[in-house]
Each structure stands twice: as structure tokens, then as C-alpha cells.
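Q: Could you take me on a close look at the nonpolar core of this one? I'd like to see what sits there and how it fits into the rest of the chain.

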Amino acid sequence: MKKYSSLKEIQALISQKQLTLPDLLAYYFKQIEDHKHLNAFNEVFFYSAEVQAKAVQLKIDNGTAGKLAGMVIGIKDNICYKDHVVTASSKMLDGFVSPYSSTVVTRLLQEDAVIIGRLNCDEFAMGGSNETSYFGVVKNAADPNLVPGGSSGGSAVAVQADMCLAALGTDTGGSVRQPAAFCGQIGLKPTYGRISRYGVIAYASSFDQVGPITSSVEDAALLLQVLAGADEHDSTVATVPVPDYPAQLQNSQKQKIGVLKETIESDALDPEVKEAILQSISSLKAKGHVIEYVSFDLLDYLVPAYYILTTAEASSNLSRYDGVHYGYRNTEAKSLTELYKRSRAEGFGEEVKRRILLGTFVLSAGYYDAYYQKAQQVRRLIREKLAALFVDFDLILSPVAPTAAFKIGDNVQDALVMYMADIFTVLPSLSGNPAIALPLGNNAAGLPLSIQFTAKHFEEDKLLAFSHDFLSS
């Protein structure tokens, strides 16, 4: 059985009786077994997925199946699924069974997707390489000595290595786009508030956004259509109407595209990544798109502002994991204070503890004004500057990551080096704009390269139509 790259292809074969959903699921189970050395899955839902596959196949046969019938999808291990374990890849939640399903899982199931398992990620989605997981490092299928990117590394590798058709990740500062880039897949971060966060374990609540990782723009558009929209359980979700994204994929127009000059000229940008992007710019010009270089002089402030704000929110969100309310509990403590200290010290990994400490520091009485409040002001400036660019431009072009995938262990000891790898992805995260990572071929070593496009708030339809045209040519 060959690798399927789109749901349309699978649905056509099922309708022609050349394939059944249980057979497809069995194929993916075998793929997971054959690629278990990549450590993409924290758990495979053998029983529930088989039950779903048989039930959906009956619906297909009866002509009553939903839009996602035939899609076998994995979910990041920070997305709640009723009666299934969810851990955020942390010892703190090891073995925790969710009593309810997230809105995104509910919507997947309503449209007859089959959820095959929960995917490894950086602990509490904090990391850019999938090296901080309690369940071990995820490895890149292009080269198992390399990281897959993070924090949704398991999601990207599962699609890359054909262990499921698509996967859901979460993107706080690039955690869908960067692993998609490192694994040669399509990674979409929707506008903040486009998709409900209900039932998604929080890292930084004003940044977190669920997004799909797929092999085709068509599947990304379909998943966004199913997942987006108002939700009574999430007060931050937008009530903006949800377009028919798949129907608009053919509506791509000639766009005016602004290239962020400082990102292309950055010393951190790998020469092969730069060359691939410059070739893409030439191709876009040849196709009739208008390309102009624009300056974004706040680039140096992006990463500091992002990490001050997200760690502050993480400190608040993770305070509930104390061995009393939630999570791992030390059984030897002799006092309440010791219980808190030992439970949190033993339950959290080093990177999570680092971010909690940093967040607590910037929120403390003596430093709140100097750090947290200042970072909020910078965030506002960033959002206003990007909005000003979108007065003149339809899309903004930039790299996804400074380099292709790097070796496991290379950057994990130096937090600052790891944080600076987010320099190109945090801009849409700080501003809440939708952004997409698109594959751009491979470098000389055969490793995937990628390019990023950012659109105005809630203009995913334009972004997806452009992406469809970009990859079709």
C-alpha cells in the first residue's frame, strides 16, 4: 500500500471498493509498529480506533458519513479525549484519564474522523525540538539522528512517516509550523481564537492555538473548516463566520507580498534556506505576484517579548499542578510545603521548571513593571506594526526556522540558543495572525526546507488558496 497524501484520494478508493477503512487503519497500525523507533506516539488507541473505523465504514456504505470519513488522524498529547489518557508528555500527568473531550476532538468525531492515538510532544508543549518529553526524544524520519522540531514533533513525524494521514498540534510560538518545516509537511497556525481551546491543556493562554499538520493543503483547509467556529465552552473563541475553505482553494489571486528584509538578511539564516527562499521569490515574481522588501525593525524584540509573556502565563497556568489539585504526588513529604515542593520538583522536567521560574520572576512585585508590563507594550507595538504592513500587503513572507533540522542534543543544553530558533515563528504568535509553513524541497543533505506566509486576521481562506497555488506550480 502506497503513502496517501490526501483524504480525497482515500475517499475515492473507498467509494470504488478498492479499500476499506478497517484495512486502512490496519495499514497505519503496521506503519506505527515499523516506525516505533521514531517514538512519535505516546499511545496508540487500538481498540477505540478499530471500533470507530468499523462504525464509520458502515456510515460510508449507507451514504451517511461525515466530511472526514476516511481520515485517520493523530492528536497531540495535550488534547483531551474522553476516557483516554492525556499527559502533555509529562510525568506530572502520567496516567491521567480525561473525563471529557476537547471541542476539537468532538468536532473530529462528529465528522467521522478516526483518531488513531496521542502523539509525543515537548513537555507541556514547552520546547522547540521535542527533546523535553518525559517519554523520550522524537526522531526525524528523514534522519533519526536529527530532531523533528517542537513542540508538536510527534504530530509532524507521524504524518511524515505515514503513520496517519493528518495530525493535530498546538502552536504557541511556532510549535506546529517549525516541526512541519523540519519534517517537510504543511503546518497551519490559524488566527488566535479561530479554533476553540476548550479541552487543550494550557501553556500560554493568549497564544495557544490548535492547528493541523498535513501533506496537502486540501486536508488543512478541510480540517480548519471542521474545527473552526464559535464554542460556548471557550470565551476567547471568535464568532466570525467560518468560510467554506476547501471550496475557495481555487480562488487564488495575484497577491502583493511583503518580504521581511531583516529575516532574509539575518546572520542566523542558513545559506541553503536563504537560497531556497530567494528562488521561491523569483518564481512568485514570474507568476505575476508583486514582491517588495519591507523593514520590520522590531525583530530583535520578538523573542524576548514572547518568552517573558509566555512564561508568565505558564507560571499561572501550571500553578494548579501541585500534587493536591492535580498531577503527580510525592508520598514521602512530611508537611504541606514539602509536598508542594517535592511534587512539583519531581513531576516537572527541567525545561518546564525553567519557564515556571522565569514566569514567576517576571510577575513578581519588584519586576512586573520592568518585564511583564514592558513586554505587553512591545507586543502591542508589534501587532500595530504588522497591521500597518497589511494595509499595503496581502501576505508577508519570511523563513520558518533559521536552519534545517539539527542534531539531537546539539542545542538542548543552551536554552538561549534554543529560544532564538523561534525568531521567525513568534511574530504571528505575538500578533495573533494566521501563518502557514510550506515545504520548499530539500537541501544538499536531503533535509526538508520550508517557507512561511502570514496573512491578515481571519484571512485563512486567502492564505490557503495562495498555498494551494504555490504548491501546485
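**Inside the core**

A: Let's start right in the middle of your question. The largest nonpolar core has 149 residues, and the ones with the most contacts inside it are Leu108, Ile116, Phe124, Phe453 and Leu464. Helix 10, which covers residues 299-317, gives this core its largest share, with ten residues. Keep in mind that you're looking at a predicted model.

Now zoom in on Phe124, one of the residues with the most contacts inside the core. If you skip its neighbours within four places in sequence, Phe124 is in contact with Ala88, Ser90, Met92 and Leu93, with Ile201 and Tyr203, and also with Leu318, Tyr321, Phe348 and Val352. That's a nice small example of a wider pattern: take the contacts in the chain between residues at least 6 apart in sequence, and 75% of them join residues at least 24 apart.

Okay, zoom back out. The chain is built with 16 helices and eleven strands, and 59% of its 473 residues count as buried. What about the overall size? A compact globule of 473 residues would have a radius of gyration near 23 Å, so the chain's 21 Å agrees with that. Along the principal axes, the C-alpha atoms fill a box of roughly 65 × 55 × 45 Å.

Last stop, the outside. The chain's accessible surface is about 18100 Å², and carbon and sulfur atoms account for 52% of that. As for charge, the chain has 42 positive and 52 negative charges, and the mean positions of the two sets are 2 Å apart.

Technical notes: Residues numbered from 1 in each chain as written. Predicted model: local features only at pLDDT ≥ 70, side-chain atom pairs only at ≥ 80, totals over all residues. Heavy atoms only, no water. Helix = DSSP H or I, 4+ residues; strand = E, 2+ residues; numbered from the N terminus. Rg over C-alpha atoms; globule rule 2.2 N^0.38 Å. Buried < 20%, exposed > 50% of the residue type's maximum accessible area, 1.4 Å probe, protein only. Contact = heavy atoms within 4.5 Å. Areas by Shrake-Rupley, 256 points an atom, 1.4 Å probe, with all protein chains shown as cover. Lys, Arg positive; Asp, Glu negative; His and termini not counted. Charge placed at Lys NZ, Arg CZ, Asp CG, Glu CD. Core = buried A, V, L, I, M, F, W, Y, C linked by side-chain atoms within 4.5 Å.
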